[in-house]
Amino acid sequence: MQTGGHTYWCCREASGPDEMRRAVRDQVRGGADLIKIMACHDRLEFTDEELDAVVDETHRNGLTITAHATYDACIARVMRHGVDMIEHGGSMSDETIQLLLERGAYICTTFSPVVLQAEMARVGLSAMSGLRSCTSLGTPHSSHSRPAARPAENVVQM
Ligand SMILES: [Zn+2]
């Protein structure tokens, strides 16, 4: 994850394209079979160069890369950078849903953010409509208990 970014306190931090590649290699050496990045929280994280590096290094090592991405701008951005899978999801535009469909990207929902987003919706903030639209149009969907992209025996968040 980006140095000082979302959940920095429990993840592997990295800054710059070279460190992103090093972080992936460290995880590969440690036995990871999937790489997760924290692509956003209250702001977009990583530079374009960092995203390109982490996606390239992950794919070069034959692994799947997934991104914690919870709102439209973040989901669209990581899809354009070649991420394979979206963690959590959230409100999405029709264009972003189309990107997911074209790439055959999976969405791995997690109940805790969904519950929080539902609570946001209850007080007037919309977060669920995009996810509902996306899954109803046929975007592959899984839950954390059933990873869909490939078996993930060692999921490491960075
Ligand atoms: Zn996450």
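1. In what order do the elements of the protein chain run from the N terminus on? The sequence of elements is α-β-α-β-α-β-α-β-α-α-β-β. The model under discussion is a predicted one. In total, the protein chain contains six helices and six strands.

2. Two overall values describe the fold. Of the 158 residues in the protein chain, 39% are buried. Among contacts with a separation of 6 or more, 62% are between residues 24 or more positions apart.

3. Strand β1 comprises residues 34-38. Five of its five residues are buried, and β1 is therefore largely enclosed by the rest of the structure. The burial can be followed on each face of the strand. In a regular strand, side chains alternate between the two faces of the sheet. In β1, one side carries L34, K36 and M38, while I35 and I37 lie on the other, and all of these residues are buried. Both faces of β1 are thus covered.

4. How many bridges link β1 and β2, and in which sense do these strands pair? Five bridges are present, and the pairing is parallel. Two pairs of residues help to locate this pairing in the structure: L34 stands opposite T64 in β2, and K36 is placed opposite T66 in β2. Between the two strands, the chain passes from β1 through helix α2 (residues 48-60) to β2, forming a right-handed β-α-β crossover.

5. Strand β2 covers residues 64-69, and five of its six residues are buried; this strand is therefore largely enclosed by the rest of the structure. Besides its pairing with β1, β2 is joined to strand β3 (residues 85-88) by four bridges. Strands β2 and β3 run parallel. Here the student may look for A67, which stands opposite I86 in β3. The connection from β2 to β3 leads through helix α3 (residues 72-80), and this β-α-β crossover is right-handed.

6. The part of the model discussed above may be summarised as follows. Strand β2 pairs in the parallel sense with β1 and also runs parallel to β3. The crossover through α2 is right-handed, and the crossover through α3 is likewise right-handed.

Terms used: Residues numbered from 1 in each chain as written. Predicted model: local features only at pLDDT ≥ 70, side-chain atom pairs only at ≥ 80, totals over all residues. Buried ≥ 20, exposed ≤ 12 C-beta atoms within 10 Å, placed from the backbone. Pairing = 2+ DSSP bridges. Right-handed = clockwise from strand over helix to strand, strands pointing away. Contact = placed C-beta atoms within 7 Å.
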